[in-house]
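Student: I should like to examine one part of this structure closely, at the level of individual contacts. Please give a single connected account.

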Amino acid sequence: MRLRGGQNTFGFSVGILVLDTRFPRIPGDIGNAATFDFPVLYHRVPGASSDRVVRQGRRELLPSFIEGARALEREGARAITTSCGFLAMFQGEVAAAVSVPVFTSSLMLVPLVHRMLPPGKAVGIVTVDASSLRPEHYAGAGISPDMATVVAGLETARQEHVTVARRLVEAHPEIGAIVLECTNMPPYRADVQAATGLPVFDITTLVRMVHDAVGQGSAPRPA
């Protein structure tokens, strides 16, 4: 069969919308391509600073994220994610703007993880800033009020990830699993898991799952 059309580059299944930031991203971070054993494609969203997305929740950034998602789709991405869990607030709008699956945040794992747990158990959420996590983030991720969640943030003195997770579990023994909201946290997942003895999920968990779902469909599309 002769294939026609396609795009300029090939071999990646997941496109990642990254914030307009400048800081080191170590292996394990979603912004380090070496985190994955398959190619990913990045698109930086101009003007989308951490403060504007996390603390200010600036909805005027939405058109830029939609533009970036469409650009990734045109380049051949079979699914699209982001480099900030707080972008769950844009989940519906970005998903509606493209024809490939969109998963803006690891918070989308919370409903799944909640249903894995026995009755009476809660999902612990470790986030970069608990005070900035609002109802629109929960709604965008599909987290309903009947799902038991407990949140801890790193905003107070930027406490170390393992310390915050351990204290969260000690204060709330009903927690049965943990979801890391921030996409910079995956490098510490194994340490959090070892310290708490609980299952720990993060954005790279979701990226790998979606890659497995779409990766075999990476051939050029017909013109």
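Which residues does Ile178 touch, not counting residues up to four places away in sequence?

Tutor: The model is a predicted one, and the account below should be read accordingly. Not counting residues up to four places away in sequence, Ile178 touches Gly124, Val126, Ala165, Val169, Val192, Thr196, Leu198, Pro199, Val200 and Phe201. Ile178 also belongs to the largest nonpolar core, which has 75 residues. Within that core, Ile178 is one of the residues that touch the most other members, together with Val53, Phe65, Ile80 and Val126. Val126 is therefore both a contact of Ile178 and, under the criterion that core members are buried and joined through side-chain atoms within 4.5 Å, another of these highly connected members.

The surrounding elements place these contacts in context. Strand 7 comprises residues 175-180 and runs parallel to strand 8, to which 2 bridges join it. In strand 8, Val200 is the bridge partner of Ile178, and Val200 is likewise among the residues that Ile178 touches. The sheet is open and has 4 strands in the order 6-5-7-8, with parallel pairing. Its edges are strand 6 (149-153) and strand 8 (200-201), each of which pairs on one side only. Helix 4 (residues 109-116) packs on this sheet and touches strand 5 (122-127), strand 6, strand 7 and strand 8. The direction of helix 4 makes about 145° with that of strand 5. Helix 4 has as its buried residues Leu109, Val110, Pro111, Val113 and His114. Their cover includes the strands 5, 6, 7 and 8, as well as helix 5 (135-141) and helix 8 (203-214).

Other contacts of Ile178 lead to a pair of helices. Helix 6 (residues 161-171) packs with helix 7 (residues 189-196) at an angle of about 35°, the axes being 9 Å apart. Their crossing is right-handed. On the side of helix 6, the contact is made by His161, Val162, Ala165, Arg166 and Val169; on the side of helix 7, by Asp191, Val192, Ala195 and Thr196. Sorted by class, this contact has 5 nonpolar, 2 polar and 2 charged residues. Ala165, Val169, Val192 and Thr196 take part in the helix contact, and Ile178 touches each of them.

Finally, Glu160 lies in the loop between strand 6 and helix 6. Glu160 is classed as partly exposed because its relative accessible area is 42%, between the limits of 20% and 50%. Its C-alpha atom is separated by 9.7 Å from that of Tyr188, 28 residues apart along the chain.

Definitions and conventions
Residues numbered from 1 in each chain as written. Predicted model: local features only at pLDDT ≥ 70, side-chain atom pairs only at ≥ 80, totals over all residues. Heavy atoms only, no water. Axes fitted to C-alpha atoms, helices over the stretch in contact; angles between N-to-C directions. Left-handed = near helix turned anticlockwise from the far one by under 90°. Contact = heavy atoms within 4.5 Å. Nonpolar A, V, L, I, M, F, W, Y, C, P; charged D, E, K, R; others polar. Pairing = 2+ DSSP bridges. Buried < 20%, exposed > 50% of the residue type's maximum accessible area, 1.4 Å probe, protein only.
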